[in-house]
Structure formats: structure tokens, C-alpha cells
Amino acid sequence: MKKTPQRMCIACRQMYDKNALMRIVKSADGTVSLDATGKKSGRGAYICNAEACVNKCVKAKLIHKAFSLNADAELYGRIAEEFKQNQNK
């Protein structure tokens with residue numbers, strides 16, 4: 001049986017299966033985007049699909065802390081939108 005990789009949520013600091021989390025990736029050129037496939041190259045950070053974690057990520061600017069760069073409000077808005085889409089599934 002193949003073991004599922006575990007990743008830590010940047011908001012609640014809990015370990016989850018990798019495929020249960022949203023991945024945010026910083027590419028080599030410095031752009032930050034959501035990675036739906038989980039296969040884009042670059043530095044990744046993960047956030048779970050809990051409303052409290054998404055709100056904490058936006059409020060505490062955790063992407064800024066994870067990647068040491070200024071993340072704009074648009075990126076935080078896309079994360080919140082992705083969370084809403086996942087809740088409707």
C-alpha cells in the first residue's frame with residue numbers, strides 16, 4: 001500500500017494528506033499563484049479547506065510570511081474564492 005504524503009497547513013499548523021490541501025506556489029520568477037494540480041515547480045505552501053484557516057491566512061498575511069514577499073490583496077481574494085468553490089463541491 002502506497003503512503004500518502006503529509007503536508008502542514010500554514011494557518012492551523014496541523015498535518016493533513018497532501019491532496020486534501022490547497023497549494024500556493026511561488027515560481028522562480030517570483031510570481032505567486034494557486035496550484036490546482038499540485039505539480040507546478042516552485043516553492044509551495046499549503047492551506048487546509050477550513051473557513052477559519054482561510055480567514056486566518058488572509059488576516060495574518062501568512063502567504064507574505066511563508067514566501068517572504070509582498071502578496072497583494074488579489075491573491076488573498078483568489079484563495080478565498082477557491083475556498084468557496086471547494087465548499088460547493
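This is a short dialogue about a sheet, a helix and a pocket in a predicted model.

Visitor: Happy to start with the sheet. How many strands form it, and in what order?

Guide: Good place to begin! Strands of a sheet pair through backbone hydrogen bonds, either parallel or antiparallel. Here three strands make an open sheet, ordered 4-3-5, with antiparallel pairing. Strand 4 and strand 5 (43-48) are the edge strands, each pairing on one side only. On average, neighbouring strands of this sheet are turned by 30° against each other, direction ignored.

Visitor: Over how many bridges do strand 3 and strand 4 pair?

Guide: Four bridges, in the antiparallel sense. To find your place in the strands, look for Val25, which stands opposite Ser33 in strand 4.

Visitor: And which strands does helix 1 lie across?

Guide: Helix 1 (residues 51-59) lies across strand 3 and strand 5, and its direction makes an angle of about 130° with strand 5.

Visitor: Let's turn to the largest pocket. Which residues lie nearest its centre?

Guide: Those are Lys18, Leu21, Ala36, Thr37 and Gly38, out of 17 residues that line the pocket. Two or more lining residues come from each of strand 3 (21-26), strand 4 (32-35) and helix 3 (73-87). The volume of the largest pocket is about 350 Å³.

Visitor: Which element gives the most to that lining?

Guide: Strand 3 does, with three residues. You have met this strand already, as the partner of strand 4 in the sheet.

Visitor: How do the lining residues divide into nonpolar, polar and charged?

Guide: Six of the residues lining the largest pocket are nonpolar, six are polar and five are charged.

Terms used
Residues are numbered from 1 along each chain as its sequence is written. This is a predicted model: local features need pLDDT of at least 70, side-chain atom pairs count only at pLDDT 80 or more; totals for chains, interfaces and linings use all residues. Side-chain values use heavy atoms; hydrogens and water are left out. On a 1 Å grid over the protein atoms alone, a cavity is a set of points where a 1.4 Å probe fits but cannot get out, and a pocket is an open set with protein on both sides within 12 Å along at least five of seven lines; lining residues have an atom within 4 Å of a point. Grid points are joined across faces, edges and corners, and a volume is the space filled by probe spheres set on the points. Ala, Val, Leu, Ile, Met, Phe, Trp, Tyr, Cys and Pro count as nonpolar, Asp, Glu, Lys and Arg as charged, and the others, Gly among them, as polar. Two strands pair if DSSP finds at least two bridges between them. Axes are lines fitted to C-alpha atoms, for helices over the stretch in contact, and angles run from 0 to 180 degrees between N-to-C directions. Contact means heavy atoms within 4.5 Å.
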